[in-house]
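Me: Got a minute to go through this model with me? I'd like to start with the strands and then look at some side chains.

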Amino acid sequence: QVQLVESGGGLVQPGGSLRLSCAASGRIFSINNMAWYRQAPGKQRELVAHITSGGSTNYSNSVKGRFTISGDNAKKMVYLQMNDLKPEDTAVYYCKYLIFPIYWGQGTKVTVSS
């Protein structure tokens, strides 16, 4: 079983920054294969960023250059640094362990608005 707890969301003005955190526990082998998804109101959940099995990082085109995924293997923590936030980044953000993809956390809400 896998437990995922996201935190760090909130209200931020356009152009601002937030850092999301995900505390992972249970059958987590490493932070490789950890990912961040988001779901905006009325839209499907989408992959935002992930750490590959080899440890490299990938991003969706919509966040590339603005968001950075990172993690701490010892603490089983994964982070999403979000800079230059835009209103279209408003969503509930979830972390996910791609090895056991059925598990989701409760998400953390990010609202970008002036």
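Me: Before the details, what kind of model is this?

Reply: A predicted one, so read everything below as computed from a prediction. Let's begin with one strand pair: E1 and E3, the latter covering residues 18-26, are antiparallel and share six bridges.

Me: Which residue in E3 is the bridge partner of Leu-4?

Reply: Ala-24 is the E3 residue paired with Leu-4.

Me: And how many bridges are there between E3 and E8?

Reply: Six, and that pairing is antiparallel too. Cys-22 faces Val-78 of E8 there.

Me: What does E8 do with E7?

Reply: E8, residues 77-82, runs antiparallel to E7, and six bridges join them. One spot to click on is Ser-70, which stands opposite Tyr-79 in E8.

Me: OK, so what is the strand order in the sheet?

Reply: E1-E3-E8-E7, four strands in an open, antiparallel sheet. E1 (2-7) and E7 (67-72) each have a single partner strand, so they are the edges, and one side of each has no neighbour in the sheet. From one strand to the next, the twist averages 20 degrees.

Me: Where do side chains point in a strand, generally?

Reply: In a regular strand they alternate between the two faces of the sheet.

Me: Switching topic: where does Arg-66 sit?

Reply: Arg-66 is in the loop between E6 (57-59) and E7.

Me: Is Arg-66 buried or exposed?

Reply: Buried: its relative accessibility is 10%, and the cut-off for buried is under 20%.

Me: What is Arg-66 in contact with, leaving aside its neighbours within four places in sequence?

Reply: Gln-81, Met-82, Asn-83, Asp-84, Leu-85, Lys-86 and Asp-89.

Me: Now the rings. How many aromatic pairs does a search of the whole structure find?

Reply: Five. Among them is Phe-29 with Tyr-97, an edge-to-face pair with 6.4 Å between centres and 65 degrees between the planes.

Me: Which parts of the chain does that pair tie together?

Reply: Phe-29 is in the loop between E3 and E4 (34-39), while Tyr-97 is in E9 (residues 91-97), so the pair ties together parts 68 residues apart in sequence.

Me: Are those two buried or exposed?

Reply: One of each. Phe-29 is exposed at 54% relative accessible area, whereas Tyr-97 is buried at 1%.

Me: Which other aromatic pair is edge-to-face?

Reply: Tyr-37 and Trp-104, with centres 5.2 Å apart and planes at 80 degrees. Tyr-37 belongs to strand E4 and Trp-104 to the loop between E9 and E10 (108-112), so here the pair links distant parts of the chain, 67 residues apart.

Me: Buried or partly exposed, that Tyr-37 and Trp-104?

Reply: Tyr-37 counts as buried at 15% relative accessibility, and Trp-104 as partly exposed at 33%.

Me: Which residues do ring pairs link into a cluster?

Reply: Phe-29 and Tyr-97 again, together with Phe-100.

Me: Last one: which charged ends sit over rings?

Reply: Arg-19 has its charged end over the ring of Tyr-79, 3.9 Å from the centre. That's the Tyr-79 that stands opposite Ser-70. Lys-96 also has its charged end over a ring, that of Tyr-37, 5.0 Å from the centre.

Definitions and conventions
Residues numbered from 1 in each chain as written. Predicted model: local features only at pLDDT ≥ 70, side-chain atom pairs only at ≥ 80, totals over all residues. Heavy atoms only, no water. Pairing = 2+ DSSP bridges. Helix = DSSP H or I, 4+ residues; strand = E, 2+ residues; numbered from the N terminus. Axes fitted to C-alpha atoms, helices over the stretch in contact; angles between N-to-C directions. Buried < 20%, exposed > 50% of the residue type's maximum accessible area, 1.4 Å probe, protein only. Contact = heavy atoms within 4.5 Å. Phe/Tyr/Trp six-rings, centres within 6.5 Å; stacked < 30°, edge-to-face > 60°. Lys NZ or Arg CZ within 6 Å of the ring centre and 35° of its normal.
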